[in-house]
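Hi,

Here is the structure we talked about. Please have a look, then read my notes below.

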Amino acid sequence: MNSWHELEGYFRKTADRQIRTLFDEDPERAEKFSLEADGLLLDISKTSIDEKALSRLLRLFDESGVAERRQRMFDGKRINVTENRAVLHTALRDPNGHPVFVDGIDVKPGIRESLSGMSAFASGIRDGSLRPLRADRFTDVLNIGIGGSDLGPAMATAALVPYGEALRTHFVSNVDGSHVRDVTARLDPTRTLAIVVSKTFTTIETITNAKSVKFWMENACGADSVSRQFAAVSSEAGRAVEFGIGKDRVFGFEDWVGGRYSVWGPVGLSLMIAIGPSHFDGFLRGARTMDAHFLTAPSRANMPVLLALAGIWHHQIAGYETLAILPYDQRLRLLPAYLQQLAMESNGKSVSMDGRPLPRSSGPVVWGEPGTNGQHAFHQLLFQGTRIAPCEFLVAAVSHEPDLKEHHDLLLANCLAQSEVLMRGYPGNGRHSAVSKNPAAASSRNSLARHREIKGNRPSTTLIYPKLTPFVLGQILALYEHRVFVEGAILGINSFDQWGVEAGKEIAKSLLPAIAEGADSRHTGSTRQLLDYIADARRRSDAESR
């Protein structure tokens, strides 16, 4: 495709140009390279993208057929070609919109029914009409899941703490026994509701943790406690019922909802319980608003498209290997991990949809931490390291703590300062220059100045929003979902499978007998050596405990 070659050539031609000079050349650059949509403001002006680069990126967008693939997704077509599935997480947040048919069946009535059941259950837990076996009401909710069944609700629940005062919410994901032990140690089993989230109800980490929580609860409350104090989110109701969960407490979802895109439906049950059905509806409305913008706005004025094109420019064209997600919002502390899964599990592929090897890298390593903590950890590398890592800042204009305005002013100042210094740089001799006629002193001073100098010309984008509400969080998550979709569509890959993850699970299953029972293993010499070490360490530990 000629647009790829044109973009690569144009980047090489302009690679030495300073981003700050683009502002000098065009006083209106900030306005031209920013976009506001339903209260969100995205600023990509602190990147090296200029009008010529953007026009070529937009041409690449058109040539890649993204618009047609986007419409097919919203229409319920089977765009997940390797699993022959539709991709309809967008339908979950639009229960009352126009019909969407899969195999001739409109999915919207089922979505409405599911939301209604979730709402009734959540309201009953919150108002105390649904009670535990041996206590007057629930005080804690324990979500047991992994991957999208954990990251989505865990991230959103942390983000929306000001809206979730009714119950305390906890999450167990890692199969490491220390996780379930440390979380349950803080809980009263007589007042805890456990929600097992597994599409197939066979995810080994989730079911192992669920069995341990079941034992913990039955030991304290009796065998009947499972039917009163467990719920399940699964498409396999029969397996959940066999576990002991009442059929009326199993909330199902279809195969057209991928795990990392599933927080909008039953997987978000713990979130709905935490913030209430009304605020959960606001969360859905925010995403629905972004969906409408993504579907209808021209590509030059389309926020997910512009964010995706910035990502393509930075990684596939400029060759920057990583992407730092930096929310200046402590309640969004889990957002980098959530977006890491969203991007890297979706687009971490090496073949296109037709099975051919990809001619270019599929995506950056996504990582990050909230500001200002990151400033005292890794921003040194961002400012002066030898590798450039594009940064994506997120920050709210208004906080939920008006009595702590001084804190938020300082947070905002730090956020804006980071992107400014990344772009403009900072002179090394600024505040510490000294007047001296001594050549040795001057040489030392010049050496120190080089250590202190920040050269700048490092790209960043900023997404600023009014206040972190359920509606705004919905907008932000949908924005990033669509950004990942656009990047994948431009690259010609399927963003909705994860075969690499499945392979790891299969190998783990084959190794389990060798670890648990000392059975023979036919794996590599390195793996056999590690298995021998495990067996020897366990023998010594058993001997010492006798």
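**Salt bridges**

Arginine 93 is buried, with a relative accessible area of 0%. Keep in mind that this is a predicted model. The partner of arginine 93 is aspartate 291, and their side chains meet in a salt bridge at 2.8 Å, N to O. Aspartate 291 is also buried, at 4% relative accessibility, because the cut-off for buried is under 20%. The two sit in distant parts of the chain, 198 residues apart. Arginine 93 is in the loop between α6 and β3, while aspartate 291 belongs to helix α14 (residues 277–296).

A second pair is aspartate 94 with lysine 108, at 3.7 Å, N to O. Aspartate 94 lies in the loop between α6 and β3 and lysine 108 in helix α7 (residues 108–127), so this salt bridge ties together parts 14 residues apart in sequence. Lysine 108 is buried, with a relative accessible area of 2%.

Aspartate 188 and arginine 191 form another salt bridge, with their closest N and O atoms 3.9 Å apart. Here the side chains are less hidden: aspartate 188 is partly exposed at 32%, and arginine 191 is partly exposed at 26%. There is also a network of salt bridges that links Glu6, Arg56 and Arg59. In total, the structure holds 28 salt bridges.

**Two histidines**

Which histidine is buried, and what does it touch? Histidine 89, in helix α6, is buried at 2% relative accessible area. Leaving out residues up to four places away in sequence, histidine 89 touches Met73, Trp256, Tyr261, Trp264, Glu481 and Phe496.

Histidine 98 is found in the loop between α6 (89–92) and β3 (101–102). Histidine 98 is exposed, with a relative accessible area of 51%. From histidine 98 to valine 398 is 300 residues in sequence and 35 Å in space, C-alpha to C-alpha.

**The sheet and its helices**

Five strands form an open sheet with parallel pairing, in the order β6-β5-β7-β8-β9. β6 (168–172) and β9 (250–251) are at the edges with a single partner strand each, so one side of each has no neighbour in the sheet. Strand β5 (residues 140–144) is joined to β6 by 5 bridges. Within that pairing, leucine 142 stands opposite histidine 170.

Helix α8 (residues 148–159) lies across β5, β6 and β7 (192–197), at about 150° to β6. Helix α10 (residues 204–221) packs on the sheet as well, touching β5, β6, β7 and β8 (230–233). The direction of α10 makes about 160° with that of β7.

α8 also packs against helix α16 (residues 335–347), at an angle of about 145° and with axes 9 Å apart. Their crossing is left-handed. Gly148, Leu151, Gly152 and Met155 in α8 meet Leu335, Ala337, Tyr338 and Gln341 in α16. The residues of this contact divide into 5 nonpolar, 3 polar and no charged.

**A hairpin**

β1 and β2 form a hairpin with 2 residues between them. In the turn, aspartate 38 has a positive phi of about 50°. The two strands run antiparallel, joined by 4 bridges. Serine 34 stands opposite aspartate 43 in β2. β1 (residues 34–37) has Leu35 and Ala37 on its covered face, and Ser34 and Glu36 on the uncovered one.

Best wishes

Note on methods
Residues are numbered from 1 along each chain as its sequence is written. This is a predicted model: local features need pLDDT of at least 70, side-chain atom pairs count only at pLDDT 80 or more; totals for chains, interfaces and linings use all residues. Side-chain values use heavy atoms; hydrogens and water are left out. Two strands pair if DSSP finds at least two bridges between them. Contact means heavy atoms within 4.5 Å. Axes are lines fitted to C-alpha atoms, for helices over the stretch in contact, and angles run from 0 to 180 degrees between N-to-C directions. Buried means under 20% relative accessible area, exposed over 50%, partly exposed in between (1.4 Å probe, protein chains only). A crossing is left-handed if the near helix is turned anticlockwise from the far one by less than a right angle, and right-handed if clockwise. Ala, Val, Leu, Ile, Met, Phe, Trp, Tyr, Cys and Pro count as nonpolar, Asp, Glu, Lys and Arg as charged, and the others, Gly among them, as polar. A salt bridge is a side-chain nitrogen of Lys or Arg within 4 Å of a carboxyl oxygen of Asp or Glu.
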